[in-house]
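Thanks for sending this one over. I went through it with your bench work in mind, and my notes follow as numbered points.

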Amino acid sequence: MNGSMPQHHAARVEAAIASGQAARSALVASWRRSSRLHRLDPSGRGSPHRLTEVELSQARERIAPLLAAAQGAMDRLYQAVGAAGCCVLLADDDGVPVDRRGSPADDATFQSWGLWTGALWSEEHEGTNGIGTCLVEQRPLTIDRDQHFFTRNTLLSCTAVPIYDHEAALAGVLDVSSCRADRTDAFASLIALAAGEAARRIEADLFRRAFAHARIVLTQGPDGQCGGLIAVDADDLVIGATRSARLGLGIAPGRALRPIPAADLLGGDVAHDHLAGGQRAVLQRALLRAGGNVSAAAKALGVSRATLHRKLKRFELNH
């Protein structure tokens, strides 16, 4: 890096912010947050902040289910990109890498850049970067070389994909980083595809673990591809849905799902619900559809209110 590079990059960042481009450019908007909101200097030379070993251990413990679900996908992703000089990082929702994959031959280089477990890669600490900006914008993105806010990070290329938990809340980021100057746009596109697939595998594994006793059903997206996963219990009630499934079905993300009759959510003929078979499931669906109103549920089922009360007591259903 020549001596004028720090001044040149810092001047370019400040000029872009001053020009008002933040309204049109997500990148400049991130630069502006880094400078104006977080009071960072693009020419700053300090090394990335790092957690202590105790703090890192606590961070890992906090997201233990995500860590467990990510192991296989991280291994496969690293097998695909590691030979090209890339490392794979799993960061929590604070922007702290809690697990990584990398070649021992490159470890010293990546550690010196802060691409290591325990480093703080939120925008608040490192300005515009793959992990931190992905957390803010909650979308897959690549921050390539001089798109980084800090001059000292402009040799890095970072592709990051958000990961959502079983309640469709943002849980962390999967990142593939390289500090090789020969990374091509074509290879960057392949990395983005591979990282996206790995993130979806992690989400699916996390979801299946969270709803281990439920039936997992694939939903279809608008393009005919898999739109996500839903969890259906023994009473045919949908009790969970991945973020992609929620988006396709119009369910709010980021919170526990109120049980919904599967037939209501996914379609199908619900007119054949009757008390002859699968009674507990039928009763529960009728109550949900009636908003807990026993009289309305009894009317929908064609039975008296007293009969429905007896059925509810028999199956130990609260209302």
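1. Where does arginine 36 lie? Arginine 36 is part of helix H2. Please keep in mind as you read on that this is a predicted model. The side of the residue open to solvent is limited: arginine 36 is partly exposed, at a relative accessible area of 35%. Once neighbours within four places in sequence are set aside, arginine 36 is in contact with Glu14 and Ile17. For isoleucine 17, the C-alpha separation from arginine 36 is 9.4 Å, with the two positions 19 residues apart along the chain.

2. Now to the overall picture. The protein has 13 helices and nine strands. Its radius of gyration is 25 Å, well over the 20 Å that the globule rule gives for 319 residues, so the protein is more spread out than a compact globule. Along the principal axes, the C-alpha atoms fill a box of roughly 85 × 45 × 40 Å.

3. How much of the protein is buried? Of the 319 residues, 45% are buried. As for the surface, the protein exposes about 15,600 Å², and carbon and sulfur atoms supply 52% of that area.

4. The contacts are worth a look too. Taking contacts with a separation of 6 or more, 55% are between residues 24 or more positions apart.

5. A word on charge. There are 36 positive and 34 negative charges in the protein. The mean positions of the two sets are 7 Å apart.

6. If you are thinking about the cysteines, how many disulfides does the structure hold? The count is zero. Cysteine 87 is in no disulfide, and its nearest cysteine sulfur belongs to cysteine 86, 7.6 Å away. Cysteine 179 is likewise in no disulfide; for cysteine 179 the nearest cysteine sulfur is that of cysteine 87, at 7.9 Å. A disulfide would need the two sulfur atoms within 2.5 Å.

7. Are these two cysteines buried or exposed? Cysteine 87 is buried, with a relative accessible area of 0%. Cysteine 179 counts as partly exposed, at 23% relative accessibility; the cut-off for buried is under 20%, so the value of 23% falls outside that class.

8. Next comes the loop that follows helix H2. Proline 42 lies in the loop between helix H2 (26–37) and helix H3 (53–62). Proline 42 is buried, with a relative accessible area of 3%. Leaving out residues up to four places away in sequence, proline 42 touches Ala10, Val13, Glu14, Phe149, Phe150 and Thr151. Glu14 is also one of the residues in contact with arginine 36. Proline 42 and glutamate 61 are 19 residues apart in sequence, yet their C-alpha atoms are 33 Å apart in space.

9. The loop between H2 and H3 also holds arginine 39. Arginine 39 has a positive phi of about 60 degrees, although it is not a glycine. Most residues other than glycine have a negative phi. Arginine 39 counts as exposed, at 69% relative accessibility, whereas proline 42 is buried.

10. Which loop holds glutamine 138? Glutamine 138 is found between helix H7 (130–137) and strand S3 (141–144). Here too phi is positive, about 50 degrees, and the residue is not a glycine. Glutamine 138 is partly exposed, with a relative accessible area of 38%.

11. Two more helix positions may interest you. Alanine 68 lies in helix H4 (residues 64–81) and counts as partly exposed, at 34% relative accessibility. Alanine 68 and aspartate 205 are 137 residues apart along the chain, and their C-alpha atoms are separated by 9.1 Å.

12. The other position is arginine 289, in helix H11 (residues 279–289). Arginine 289 counts as partly exposed, at 35% relative accessibility. Between arginine 289 and leucine 135, which are 154 residues apart along the chain, the C-alpha separation is 37 Å.

Key:
Residues numbered from 1 in each chain as written. Predicted model: local features only at pLDDT ≥ 70, side-chain atom pairs only at ≥ 80, totals over all residues. Heavy atoms only, no water. Helix = DSSP H or I, 4+ residues; strand = E, 2+ residues; numbered from the N terminus. Rg over C-alpha atoms; globule rule 2.2 N^0.38 Å. Buried < 20%, exposed > 50% of the residue type's maximum accessible area, 1.4 Å probe, protein only. Contact = heavy atoms within 4.5 Å. Areas by Shrake-Rupley, 256 points an atom, 1.4 Å probe, with all protein chains shown as cover. Lys, Arg positive; Asp, Glu negative; His and termini not counted. Charge placed at Lys NZ, Arg CZ, Asp CG, Glu CD.
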